[in-house]
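Subject: Structure for you to look at

Hello,

I am handing over the structure we spoke about. My notes on it follow below.

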Amino acid sequence: MSKQIHVGSVPVGGGADIAIQSMCNTRTEDVAATVAQILRLEEAGCDIIRVAVPDMAAAQAVGRIRRAIHIPLVADIHFDYKLALECVRQGIDKIRINPGNIGSSERVRMVADACRERGVPIRIGVNSGSVEKGLLEKYGLCAKTLCESALGHAKLLENCGFEDICISVKASDPAMTVEANRLLSTLCDYPLHLGVTEAGTKERGILKSAAGIGSLLLDGIGDTIRVSLTDAPEEEVRTGTELLRALGLRSGVRFVSCPTCGRTEYDLIGTAKAVEERLRDKPWDITVAVMGCVVNGPGEASHADYGIAGGKSEGVIFKHGEPVACVASDKLADALVELIESENG
């Protein structure tokens, strides 16, 4: 099991629930726009949010942002240790910075000491585009390269007596991401931040992220996730939530539906989409099934708490595989949702 750190009030690692992260795409110095986006992300289910800090104006906005939101705030910093120090002064909850990129050992110690004093953890993040030239020449781009780079950055903090660390090793290739994190999990016990970097636009990015992140979580590896999509940050959070639910790692409504076939005699696709849309964000720990035919549906989804199976003119609503009502096929979605809400709402 990994060690546990605390990002503000959110525990990461040590057996804590997997935390979902995203990153704002607003300009951080635009406090109003950034806060508005974070509040939307909170509503979508984000646990930890990160903002880019490319300059001092962004760093000095961190305090105002932090005071206006309700989830931990992470500063994403590259190269400039002064920005890290200012973010700590502003009350940041975590810093993402690679110590090997900020200059002298004295600068590393200044950042480590400031973070230790305020209880601010540091995330080291290495991806396939940021590995040191020497390591690339030594090994080429591979899982070992990513891990050695990350652990080298961690060693700089350890030399300062700082071990409040989270690590991420990411590639745009899901297979390399999986291999790197599996290796890293055997080399250290720091909590791991999972993600497939530069995964792409929504459809392709979801598939690549599910393959990479999901494989690791099924192995019991990983403590916090970010699904990286070329899309609105809210979509990253929704996808992360659905992925955790699919793996049984977060409570919420689980959906089961069968593919269409020649036996289907009602609008199965439309009905399934309608049921899922209306129940998607409900907190109930239940399984809901939308099945294609009355003959096989209830039996095939007998594990579901609630379900429907349709026919040409009418279908059945069932609970735990047992029919409880017959309803016109075009009313099945409404009847199912009403039943679930009456018993769980």
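Which residue of β13 does V288 stand opposite? The residue is Y306. Please keep in mind throughout that this is a predicted model.

Strand β13 and its partners

V288 comes from the pairing of β12 (residues 287–291) with β13, a parallel one with four bridges. Strand β13 spans residues 306–309. On its other pairing, with β14 (residues 314–319), the sense is antiparallel and there are three bridges. Here A309 is set opposite V316 of β14. The connection from β13 to β14 is a hairpin of four residues.

Strand β13 is covered on both faces. Y306 and I308 lie on one side, G307 and A309 on the other, and all of them are buried. Y306, the residue opposite V288, is thus found among the buried ones.

After β14 comes a loop that leads to β15 (322–328), and H320 is located in this loop. H320 is not a glycine, yet its phi is positive, near 50°.

The eight-stranded sheet

Eight strands form an open sheet with parallel pairing, in the order β8-β7-β6-β5-β4-β3-β10-β9. The edges are β8 (165–170) and β9 (193–194), each of which pairs on one side only. Strand β9 runs parallel to β10 (residues 224–226), and two bridges join them. In that pairing, H193 has T224 of β10 as its bridge partner.

The loops on either side of β9

D189 sits before this edge strand, in the loop between α7 (174–187) and β9. D189 counts as partly exposed because its relative accessibility is 39%. Apart from residues within four places in sequence, the contacts of D189 are M1, S2 and K3. Between D189 and C166 there are 9.4 Å from C-alpha to C-alpha, with a separation of 23 residues in sequence.

The loop between β9 and α8 (202–218) contains T197. With a relative accessibility of 12%, T197 falls under the 20% limit and is therefore buried. Leaving out residues up to four places away in sequence, T197 touches N127, K170, A171 and S172.

E198 belongs to the loop between β9 and α8 as well. Its relative accessible area of 58% makes E198 exposed, whereas T197 is buried. E198 also has a positive phi, about 50°, without being a glycine.

Helices α10 and α12

Two packed helices are described by the angle between their axes and the distance between the axes. For α10 (residues 268–279) and α12 (residues 332–344), the axes come within 9 Å and cross at roughly 30°. Angles under 35 degrees count as roughly parallel, so α10 and α12 are roughly parallel to each other. The crossing of α10 past α12 is right-handed.

On the α10 side, the contact is made by T271, A274, V275, R278 and L279. On the α12 side, A333, D334, L336, V337 and I340 take part. By type, the residues of this contact are seven nonpolar, one polar and two charged.

Regards

Note on methods:
Residues are numbered from 1 along each chain as its sequence is written. This is a predicted model: local features need pLDDT of at least 70, side-chain atom pairs count only at pLDDT 80 or more; totals for chains, interfaces and linings use all residues. Side-chain values use heavy atoms; hydrogens and water are left out. Two strands pair if DSSP finds at least two bridges between them. Axes are lines fitted to C-alpha atoms, for helices over the stretch in contact, and angles run from 0 to 180 degrees between N-to-C directions. Angles under 35 degrees count as roughly parallel, over 145 as roughly antiparallel, 65 to 115 as roughly perpendicular and the rest as oblique. A crossing is left-handed if the near helix is turned anticlockwise from the far one by less than a right angle, and right-handed if clockwise. Contact means heavy atoms within 4.5 Å. Ala, Val, Leu, Ile, Met, Phe, Trp, Tyr, Cys and Pro count as nonpolar, Asp, Glu, Lys and Arg as charged, and the others, Gly among them, as polar. Buried means under 20% relative accessible area, exposed over 50%, partly exposed in between (1.4 Å probe, protein chains only).
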